[in-house]
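Trainee: I'd like a close look at a single part of this protein, with enough of the whole chain to place it. Could you walk me through it?

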Amino acid sequence: MKNYLCDVCGLIYNEEKGLPEEGIPAGTRWEDIPDDWICPDCGATKEAFILI
C-alpha cells in the first residue's frame with residue numbers, strides 16, 4: 001500500500017487506512033479515487049498529491 005502527500009497542506013493519504021470520514025474506505029487505492037476528488041483539508045485537486 002502507498003502513501004500520497006498533498007503538496008499544498010501536507011495531508012497524507014494512506015491507502016491502507018483510507019479516509020473513512022470522507023467516504024473512502026480503508027484499502028482504497030489512489031487510482032480508484034475519482035479524479036474530481038479534492039483534499040478535504042485545503043481543497044487542492046488530486047493532482048497536487050505526490051507519492052511518498
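Trainee: To get my bearings, how many helices and how many strands are there in the chain? And then, for the close look, what does Trp30 touch, not counting residues up to four places away in sequence?

Mentor: Sure, and keep in mind that this is a predicted model. The chain has zero helices and three strands, so there isn't much to memorise by the DSSP definition of those elements. Read from the N terminus, the order is simply β-β-β. On overall shape, a compact globule of 52 residues would have a radius of gyration near 10 Å, and the chain agrees because its own value is 10 Å. Along the principal axes, the C-alpha atoms fill a box of roughly 25 × 20 × 15 Å. Of the 52 residues, 35% count as buried. The accessible surface comes to about 3,400 Å², with 49% of that belonging to carbon and sulfur atoms. If you take contacts between residues at least 6 apart in sequence, 39% of them join residues at least 24 apart. As for charge, there are 4 positive and 11 negative side chains, and the centres of the two sets lie 8 Å apart.

Now to your part. Trp30 belongs to the largest nonpolar core, a set of 13 residues, and is listed with Tyr13, Trp37 and Phe49 as having the most contacts inside that core. In soluble globular proteins, nonpolar side chains tend to be buried together. Setting aside residues up to four places away in sequence, Trp30 touches Tyr4, Tyr13, Glu15, Trp37, Lys46 and Phe49. So by the heavy-atom cut-off of 4.5 Å, that list includes charged residues such as Glu15 and Lys46.

Let's follow Lys46 for a moment. Lys46 sits in the loop between β2 and β3, and it counts as buried because its relative accessibility is 10%, while the cut-off for buried is under 20%. Beyond its neighbours up to four places away, Lys46 touches Trp30, Glu31, Ile33, Pro34, Asp35 and Trp37. Lys46 and Lys17 are 29 residues apart along the chain, with 17 Å between their C-alpha atoms.

Back on the other side of the sequence from Trp30, have a look at Thr28. Thr28 is in the loop between β2 (12–14) and β3 (49–51). With a relative accessible area of 16%, Thr28 is buried too. Its contacts, again leaving out residues up to four places away, are Tyr13, Glu15 and Ile33. Tyr13 and Glu15 turn up in the contact list of Trp30 as well.

Next door, Gly27 is also in the loop between β2 and β3, but Gly27 is partly exposed, at 37% relative accessible area. Gly27 touches Met1, Glu15, Glu16 and Gly18, with the same sequence neighbours left out. Gly27 and Asn14 are 13 residues apart in sequence and 8.6 Å apart in space, C-alpha to C-alpha.

That brings us to Met1, in the segment before β1 (3–6). Met1 is exposed, with a relative accessible area of 52%. Leaving aside neighbours within four places, Met1 is in contact with Glu15, Glu16, Gly27 and Arg29. Lys17 is 16 residues from Met1 in sequence, and their C-alpha atoms are 9.5 Å apart. If you want one residue to click on while you trace this, try Glu15, which is in contact with Trp30, Thr28, Gly27 and Met1.

Conventions
Residues are numbered from 1 along each chain as its sequence is written. This is a predicted model: local features need pLDDT of at least 70, side-chain atom pairs count only at pLDDT 80 or more; totals for chains, interfaces and linings use all residues. Side-chain values use heavy atoms; hydrogens and water are left out. Helices (H or I, at least four residues) and strands (E, at least two) are DSSP runs, numbered from the N terminus. The radius of gyration is taken over C-alpha atoms; the globule rule is 2.2 Å times the number of residues to the power 0.38. Buried means under 20% relative accessible area, exposed over 50%, partly exposed in between (1.4 Å probe, protein chains only). Accessible areas come from the Shrake-Rupley method with a 1.4 Å probe; for residues, only the protein chains shown count as cover. The place of a charge is taken as NZ of Lys, CZ of Arg, CG of Asp or CD of Glu. A nonpolar core is a set of buried Ala, Val, Leu, Ile, Met, Phe, Trp, Tyr and Cys residues joined through side-chain atoms within 4.5 Å.
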